[in-house]
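Colleague: I have a few minutes before the group meeting, and I would like to go through this model with you. Could you put it up on the screen?

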Amino acid sequence: MRTLITGGTIVTAEGSYVADVLVDGETIAQVGTNLGAGGVSADEVIDAAGKYVIPGAIDVHTHMELPFGGTFAKDTFETGTRAAAFGGTTTIVDFAVQSKGKSLREGLDAWHAKAEGNAVVDYGFHMIMSDVNDASLAEMDALVAEGVPDFKLFTAYPGVFYSDDGAIFRAMQRTARNGGLIMMHAENGMAIDVVAADETDAGHTDPYYHGVARKPIFEGEATNRVIRLAEAAGVPVYIVHLSATDALDEVRAARDRGAMAFAETCPQYLFLSLDDLGNGFEGAKFVCSPPLRPRSHWPELWKGLVKDDLQVVSTDHCPFDFHGQKELGRGDFRKIPNGLPGVEDRVDLLHDGGVVGGHFTRERWVELISAAPAKLFGLYPRKGAVAVGSDADLVVYDPAARHTISAQTHHMDVDYSCYEGREVVGRSDVVLSRGAVVVRDGQFSGRKGWGRFLKRGTADFARLS
Ligand SMILES: [Zn+2]
């Protein structure tokens, strides 16, 4: 099967130009001008005149079917990757979870079982470590060799995912040697639990106080601490879902002194705020950790994206229905499952807010949503590029199309949208996963099980400074 995409503006992290793209089977076979007129034949021709042709977007932070707070994130690998594809995302990297007292292997096997035969686009895994001990440390090297080279640890959630500094440092030392990458959820969970208990004791049980208790300074402190530990261990560290200027200042200072420190933010920290957590229990729809911050944090986060102190925008997609799931926390915000839906909306929100909004170029947009995550997470140039030999994960993107985000029309399996009623400029018209059209003009044409496990390389890009 050969597909020729004609006349589009190829937009990559490096630049933009008008060209045709020939897809042969699952990979890109040629990129050049007037391939069609030059006699190249194809089974199907897609006219992309007036549109962008971008590498499929990569979301390196999703939680399909994550068990949390006595329930499960609602999207499966099938529904979640299908929604991702509608939004122009053709690769996800999800978090497999090691449970306390269990091996990494058991956790990874469980996530393979959830994804295999179900995902509609390609996927990889990071490994969440909840129990650092001699056995799990030894397992880390094997996972790197199997294409799971990143390990996420938490300074938050005491009693669940939390690791103390000694455990974190041991995992860092091991990863410094095995070529992997350390990912950190950096909030001071011990201090947060003290403030959260004080608030509920004072009768402050609404979702708003979730945002109050998890202070920005707790994120700043933990971010500094884990970066310093990583510097001592000589390992690259990637701060997940950075939300606050307090944390950004620490990443910026670390990068200025030459540390291998990286960070992502998420659309919810750029477009939503602490105000959304108000409005009584409705605010539960917006409960995630770190929490939404006051709007005053927005301008610095946008600046961080422009100046490369933040390298990636991911979603932390972790959807819970308002009815029946978020409601578990009525009367005590600490019992609200933490997480928001977002895997479908990221590409359009960043195009609308970032490119149309005048914060950065369309090339930087592609870098943040595709090229940079591909590099940092061992997928480049197989993914994240429009180049000969790369996987034909391509999106024909209409930069002028307008649509309104709504739970009525989205494809995520969740009963609300955080962006209900927001109009955005830009939309994916045709989405290809390894050469196969999976979405065209709002219709799904892919299939369950098409997505394959991606064995990823070591974090070499994160070791270059
Ligand atoms: Zn997460």
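Colleague: Let's start with the metal: which residues are the protein donors of the zinc ion?

Modeller: Keeping in mind that this is a predicted model, the zinc ion has His61 and His63, each through NE2, and Asp316, through OD, as its protein donors, and these lie 2.0 to 2.2 Å from the ion.

Colleague: And how are those donor residues spaced in sequence?

Modeller: The spacing reads H-x1-H-x252-D, with His61 and His63 as the two histidines and Asp316 as the aspartate.

Colleague: Are His61 and His63 buried or exposed?

Modeller: His61 is buried, and His63 is buried as well.

Colleague: Switching to enclosed space, how many cavities of 30 Å³ or more does a search of the whole structure find?

Modeller: The search finds 1 such cavity, and the largest cavity holds about 140 Å³ of space.

Colleague: Which residues lie nearest the centre of the largest cavity?

Modeller: Of the 15 residues that line the largest cavity, His63, Leu66, Phe68, Tyr157 and Asp316 are nearest its centre, so two of the zinc donors, His63 and Asp316, turn up in that lining too. By class, the lining is made of 7 nonpolar, 6 polar and 2 charged residues.

Colleague: What about the open pockets, how much space lies in the largest pocket?

Modeller: The largest pocket has about 590 Å³ of space, and among its 27 lining residues, Phe68, Tyr157, Pro158, Val160 and Arg334 are closest to the centre. Phe68 and Tyr157 were also named for the largest cavity, where they are among the residues nearest its centre.

Colleague: Which element gives the most to the lining of the largest pocket?

Modeller: That is α5, with 5 residues, while β7 (67-68), α5 (189-201) and α6 (208-213) each supply at least two. The lining of the largest pocket divides by class into 15 nonpolar, 7 polar and 5 charged residues.

Colleague: And the second largest pocket, which residues are closest to its centre?

Modeller: The second largest pocket contains about 360 Å³ of space, and of the 18 residues lining it, Phe86, Glu344, His403, His411 and Arg427 are closest to the centre. Strands β16 (394-404) and β17 (423-433) each supply at least two lining residues, with β17 giving the most, at 3 residues. By class, this lining has 3 nonpolar, 9 polar and 6 charged residues.

Colleague: Back to the aromatics, since Phe68 and Tyr157 keep coming up: which residues do ring pairs link into a cluster with them?

Modeller: Ring pairs join Phe68, Phe154, Tyr157 and Phe161 into a cluster, and the count of aromatic pairs comes to 18.

Colleague: Why is the pair of Phe77 and Phe125 edge-to-face?

Modeller: The ring centres of Phe77 and Phe125 are 6.2 Å apart and the planes stand at 80 degrees, so the pair is edge-to-face, because planes over 60 degrees apart count that way. The pair links distant parts of the chain, with Phe77 in helix α1 (residues 77-86) and Phe125 in strand β10 (residues 122-128), 48 residues apart. Both Phe77 and Phe125 are buried.

Colleague: One last thing, which ring does the charged end of Lys114 sit over?

Modeller: The charged end of Lys114 sits over the ring of Trp111, 4.1 Å from its centre, and Lys152 lies over the face of Phe95, at 4.2 Å from the ring centre.

Note on methods:
Residues are numbered from 1 along each chain as its sequence is written. This is a predicted model: local features need pLDDT of at least 70, side-chain atom pairs count only at pLDDT 80 or more; totals for chains, interfaces and linings use all residues. Side-chain values use heavy atoms; hydrogens and water are left out. Donors are N, O and S atoms within 2.8 Å of the metal (3.2 Å for Na, K and Ca); water is not among the atoms, so sites may look incomplete. Buried means under 20% relative accessible area, exposed over 50%, partly exposed in between (1.4 Å probe, protein chains only). Rings of Phe, Tyr and Trp (its six-membered ring) pair if their centres lie within 6.5 Å; planes under 30 degrees apart count as stacked, over 60 as edge-to-face and the rest as tilted. Helices (H or I, at least four residues) and strands (E, at least two) are DSSP runs, numbered from the N terminus. A charge sits over a ring if NZ of Lys or CZ of Arg is within 6 Å of the ring centre and within 35 degrees of the ring normal. On a 1 Å grid over the protein atoms alone, a cavity is a set of points where a 1.4 Å probe fits but cannot get out, and a pocket is an open set with protein on both sides within 12 Å along at least five of seven lines; lining residues have an atom within 4 Å of a point. Grid points are joined across faces, edges and corners, and a volume is the space filled by probe spheres set on the points. Ala, Val, Leu, Ile, Met, Phe, Trp, Tyr, Cys and Pro count as nonpolar, Asp, Glu, Lys and Arg as charged, and the others, Gly among them, as polar.
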